[in-house]
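Please open the model in your viewer and keep the sequence panel beside it. The stops below say what to select at each point and what is found there.

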Amino acid sequence: LRVPLCGVPVLVLCAPVLVACCSWCIMFPFLLLHSAVSLPARRAVIGRAASLALGAGAGLAPVLAVSEISETVLVPPADPASPTPQRAQKVSVDYTLWIGGFDKKQIDSSKGSAFPPRLPAPFVFSVGVGEVIPGWDRTVKQMRAGETRRVVVPASLGYGERGIGPIPGGADLYFEISLLELKSPPKLTEQQLAWLSSHAEP
């Protein structure tokens, strides 16, 4: 799954186990269940940063700490009692990615762009099964529909020391993520349930 970033086709939003993609198709029936995502697959990445980088002190909600991930709630959910995603449930999100800080270079966005020309296309993925980098799985599974967060994840939960495409190795990644919709909970086969029970969440 590829998306052009700055004119260069780059594998983005793909799990760090790209080299094992063939065995994943055998070991992981969710990939066969969903087959290919109909949208350009981009891999969510978020990096470590201080609260000031997230906009603390600018009238935003307090920073939340999730492991090594730092988060700021920009827009709370309309219904704080609404459900969070179940494991393997599909969700639809909008996101924008920056490198080096939220005031630095924008790398990618699902909201479209003038150059290179790209129409808005929300990203759909299954939560908690490794379809995205760990930083996104850990963040989105705690969000509710209508919620927007600014999130920073260390390279260890993104693309590591190797990086990918225009994302350098060891880079902290800065994301604004909006959870648009939770799809209907999946009907899982016995094989899929067995896979979930034998594989820890990212």
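With the whole protein chain of this predicted model selected, colour the residues by burial: 46% of the 202 residues are buried. Switching to a surface view shows about 9,700 Å² exposed by the protein chain, with 60% of that area supplied by carbon and sulfur atoms.

Change now to a cartoon, in which the protein chain shows four helices and nine strands. Following the cartoon along the sequence, you should be able to trace the pattern β-β-α-α-β-β-β-β-β-α-β-β-α. If you display contacts with a separation of 6 or more, 74% of those in the protein chain join residues that lie 24 or more positions apart.

**The nonpolar core**

Select Val93, Phe125, Trp136, Val140, Ile167 and Ile177 and show their side chains, since these are the residues with the most contacts inside the largest nonpolar core, a set of 26 residues. The elements that give two or more residues to this core are strands S5 (90-99), S7 (123-126), S8 (148-153) and S9 (173-182), together with helix H3 (134-140). Strand S5 is the one to highlight, as S5 gives the most to the core, with five residues. In soluble globular proteins, nonpolar side chains tend to be buried together.

**From S5 into S6**

Stay with S5 and add S6, which pairs with S5 in the antiparallel sense over four bridges. Pick out Ile99, whose bridge partner in S6 is Lys105. In the hairpin that S5 and S6 make, five residues stand between the strands, and Gly100 takes a positive phi near 90°.

With Ile99 still selected, add Pro168, which sits in the loop between S8 and S9. The two residues are 69 residues apart in sequence, yet 9.1 Å separates them in space, C-alpha to C-alpha. Pro168 counts as partly exposed because its relative accessible area is 44%.

**Salt bridges**

Now show the charged side chains, among which the structure holds seven salt bridges. Side chains of opposite charge can pair when their charged atoms come close.

Begin with Asp108 and Arg118, which form a salt bridge whose closest N and O atoms are 2.9 Å apart. This pair links distant parts of the chain, with Asp108 in strand S6 (residues 105-109) and Arg118 in the loop between S6 and S7, ten residues apart. Are these partners buried or exposed? Asp108 is buried, because its relative accessible area of 2% falls under 20%, and Arg118, at 17%, is buried as well.

Move next to Lys111 and Glu176, whose side chains meet in a salt bridge at 3.9 Å, N to O. Here Lys111 lies in the loop between S6 and S7 and Glu176 in strand S9, 65 residues apart, so that this pair too links distant parts of the chain. Lys111 counts as partly exposed at 39% relative accessibility, whereas Glu176 counts as buried at 15%.

Finish at Arg149 and Glu147, where the salt bridge comes to 2.6 Å, N to O, and where both residues are buried. Add Glu71 to the selection, and you will have the whole of one network, in which salt bridges that share partners join Glu71, Glu147 and Arg149.

Terms used:
Residues are numbered from 1 along each chain as its sequence is written. This is a predicted model: local features need pLDDT of at least 70, side-chain atom pairs count only at pLDDT 80 or more; totals for chains, interfaces and linings use all residues. Side-chain values use heavy atoms; hydrogens and water are left out. A nonpolar core is a set of buried Ala, Val, Leu, Ile, Met, Phe, Trp, Tyr and Cys residues joined through side-chain atoms within 4.5 Å. Buried means under 20% relative accessible area, exposed over 50%, partly exposed in between (1.4 Å probe, protein chains only). Contact means heavy atoms within 4.5 Å. Accessible areas come from the Shrake-Rupley method with a 1.4 Å probe; for residues, only the protein chains shown count as cover. A salt bridge is a side-chain nitrogen of Lys or Arg within 4 Å of a carboxyl oxygen of Asp or Glu. Two strands pair if DSSP finds at least two bridges between them.
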